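Student: I've got a model open and I'd like to talk through how its pieces fit together. Can we go element by element?

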Amino acid sequence: MLGGCRAYSEMFCHLKPLRRFCLKKTLPHWLPSSRALSGAEAINALRPFYFAVHPDFFGQHPREREINENSLKRLSVYLENLQKPGFKSLKPTQLTFYIREKTAQNSLEGQEPTNTSGFRAVRFTLHTSDLLSTVLYILNSCSLSAEHVQSLNTTNVHSQPLQEATGMPDRPIKWHKSYYSFTGFKDPDEDLHASRVETTLMSWLGSNGQSAVKKLKNSLPLRKELDRLKKELSDLLHLSDIRWQRGWGVAHRCSQLHSLSRLAQQNLEPLQNAKGCTIVFTDRSGMSALGHVMLGTMDVHHHWTRLFESLPSYFDLQRRMSALEDQISNLLGGIQVVYIEELQPALTLDEYYCLLDVFHNQLLKSRAPAHPQSLSGLEMILSGDRYEPSLHELGHFNIPALSDPASLQSFMRSRAQQARENITRREELKVIENELIQASTKKFSLEKFYKEPSISSRQMVDCCRRLLQLSLPYLHGMHLCVSHFYSVMQDGDLCIPWNWKKGEARK
């Protein structure tokens with residue numbers, strides 16, 4: 001029904017096995033009201049939320065898809081920690097999700113209005129201490145119905161876990177501070193206050209620097225092994241590069257390279273068809289719109305072998321695709337048809353060729369007058385959306401495949417000068433971005449400094465300029481990623497939001 005999404009599946013793997021039952025308006029009667037929720041019950045209660053934020057519904061919006069994937073990973077860690085024996089407290093966790101909506105709704109607190117793409121951003125901070133209050137808080141924050149958990153008899157998502165007594169008072173109990181000191185339970189008032197204190201870069205680095213250093217140190221042997229395997233396979237198969245589409249950890253990447261290495265030892269001949277190609281480990285096998293060989297991480301060696309054997313036919317399709325792009329360019333005044341990986345959904349070569357073919361047939365049927373080279377030097381990307389054509393701030397045109405050719409040409413010619421100016425600014429900004437990345441890497445002695453694909457050059461430039469004004473000894477020898485949130489990744493990479501707030505480190 002839905003395509004495979006690693007972040008989504010990991011959410012289910014982190015929790016206890018899920019009870020299977022048909023989706024209904026209300027959950028089954030077995031959901032208790034006198035004890036804490038189990039992992040399976042929490043998953044069932046959050047089903048409306050998962051369906052609203054599932055990354056596969058954001059195929060045409062890669063930035064929103066990536067943010068949802070990252071937030072789902074962090075949420076899964078939070079829920080997993082809530083279930084650990086001896087758990088006492090968790091640091092408040094800030095999350096951002098994009099939620100699908102059928103119609104626009106009034107903006108609520110912590111939410112942005114629905115945009116023309118049919119989704120809205122929701123931001124909230126988790127500071128709950130049990131699964132039930134976490135579930136209710138998430139549903140309420142996203143304006144999703146919580147009727148199916150009303151039998152759990154709670155009215156305050158910040159309250160203590162359900163009492164053993166069958167009845168609950170009409171108002172939350174206010175315990176003395178000594179109660180929390182003696183029992184080790186979290187004081188909800190302190191949690192609420194902590195969540196309202198804005199996280200600053202200095203305070204976050206001060207609190208998480210040592211943890212990141214430890215994780216990075218532990219990952220170093222695996223990182224060396226990863227580099228060795230990557231070089232050996234690249235040399236053996238004469239590859240251009242080996243990449244990963246998702247943010248898998250170093251251990252997972254090593255495992256995937258070991259698997260490919262075993263296949264090369266068993267049956268090298270088919271793999272030699274990939275000479276000069278880039279191999280990308282991803283969710284499905286095939287060839288990407290950019291011509292990269294995609295190896296699905298859930299596929300077995302037999303599937304990979306068949307793909308390598310069929311590469312010659314993919315190369316033929318690739319040549320036909322290039323010819324089709326040239327024909328479209330000639331019909332539209334010399335504009336170049338491009339595929340921008342960071343801004344477009346992940347399409348296979350077959351899917352992208354079909355999209356081009358549909359658009360090409362539209363142009364041929366219209367017989368609109370051509371304007372030779374009137375759009376030379378400009379770029380356009382094709383999409384399956386049904387929205388109006390638009391000019392992106394980076395200078396390329398976003399063109400739906402089913403656009404009316406006559407009005408399309410008029411639109412592009414009228415904005416051609418603006419597009420050229422945008423392209424000039426984009427190129428200038430890219431130069432500045434690269435210079436600032438190098439300067440930041442050198443000043444803070446970073447081992448690696450990079451950004452997530454969803455971070456624009458403008459955002460990266462703003463982030464770097466402000467970083468260079470600071471003294472950050474915490475970053476020496478670290479791997480730093482500019483993202484949309486704070487996080488210490490499993491291998492020690494530090495993620496900071498591009499729009500971080502300045503502040504002093506806590507003593």
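Tutor: Sure, and keep in mind that this is a predicted model. Let's begin with a pair of helices: Gln 256, Ser 259, Leu 260, Arg 262, Leu 263 and Gln 266 in H9 meet His 301, Trp 304, Thr 305 and Phe 308 in H11. By class, that contact of H9 with H11 has four nonpolar, five polar and one charged residues.

Student: At what angle do H9 and H11 pack?

Tutor: H9 covers residues 250-266 and H11 covers residues 301-309. Their axes are 11 Å apart, and the packing angle is about 65 degrees.

Student: What do we call that arrangement of H9 and H11, roughly perpendicular or roughly parallel?

Tutor: The angle between H9 and H11 is about 65 degrees. The range from 65 to 115 degrees has its own label, so H9 is, relative to H11, roughly perpendicular.

Student: And is the crossing of H9 and H11 left-handed or right-handed?

Tutor: Handedness is a separate matter from the angle of about 65 degrees at which H9 and H11 pack. For H9 and H11, the crossing is right-handed.

Student: On to the strands. How many residues of E8 are buried?

Tutor: E8 spans residues 379-383. Glu 379, Ile 381 and Ser 383 point one way, Met 380 and Leu 382 point the other way, and all are buried. In a regular strand, side chains alternate between the two faces of the sheet. For E8, mostly covered as a strand, the buried count is five of five.

Student: Which residue stands opposite Met 380 of E8?

Tutor: E8 has parallel neighbours: two bridges join it to E7 (residues 336-337), and four bridges join it to E10 (residues 397-400). On the E7 link, Gln 336 stands opposite Glu 379. On the E10 link, the residue opposite Met 380 is Phe 397.

Student: Which strands stand at the edges of the sheet E11-E12-E14-E13?

Tutor: This open sheet has four strands and mixed pairing. An edge strand here has a single partner strand, so one side of it is left without a neighbour in the sheet. The strands in that position are E11 (448-451) and E13 (487-488).

Student: In E12, what is the bridge partner of Phe 449?

Tutor: E11 and E12 (residues 479-483) run parallel and are joined by four bridges. Helix H16 (residues 457-467) lies across E11, E12 and E14, running at about 140 degrees to E11. Within E12, Phe 449 has as its bridge partner Leu 480.

Student: There's another four-stranded sheet, E3-E4-E6-E5. In E6, what is the bridge partner of Thr 282?

Tutor: That sheet is open with mixed pairing, and its edge strands are E3 and E5 (286-287). E4 (residues 278-282) and E6 (residues 293-296) pair in the parallel sense over four bridges. In E6, the partner of Thr 282 is Gly 296.

Student: Now some backbone angles. What is the relative accessible area of Ser 143?

Tutor: Ser 143 is in the loop between H5 (131-141) and H6 (177-183). It has a positive phi of about 55 degrees although it is not a glycine. Ser 143 counts as partly exposed, as its relative accessible area is 32%.

Student: Where is His 238 found?

Tutor: His 238 is a residue other than glycine with a positive phi, near 55 degrees. Its place is the loop between helix H8 (201-237) and strand E3 (241-244).

Key
Residues are numbered from 1 along each chain as its sequence is written. This is a predicted model: local features need pLDDT of at least 70, side-chain atom pairs count only at pLDDT 80 or more; totals for chains, interfaces and linings use all residues. Side-chain values use heavy atoms; hydrogens and water are left out. Axes are lines fitted to C-alpha atoms, for helices over the stretch in contact, and angles run from 0 to 180 degrees between N-to-C directions. Angles under 35 degrees count as roughly parallel, over 145 as roughly antiparallel, 65 to 115 as roughly perpendicular and the rest as oblique. A crossing is left-handed if the near helix is turned anticlockwise from the far one by less than a right angle, and right-handed if clockwise. Contact means heavy atoms within 4.5 Å. Ala, Val, Leu, Ile, Met, Phe, Trp, Tyr, Cys and Pro count as nonpolar, Asp, Glu, Lys and Arg as charged, and the others, Gly among them, as polar. Buried means under 20% relative accessible area, exposed over 50%, partly exposed in between (1.4 Å probe, protein chains only). Two strands pair if DSSP finds at least two bridges between them.
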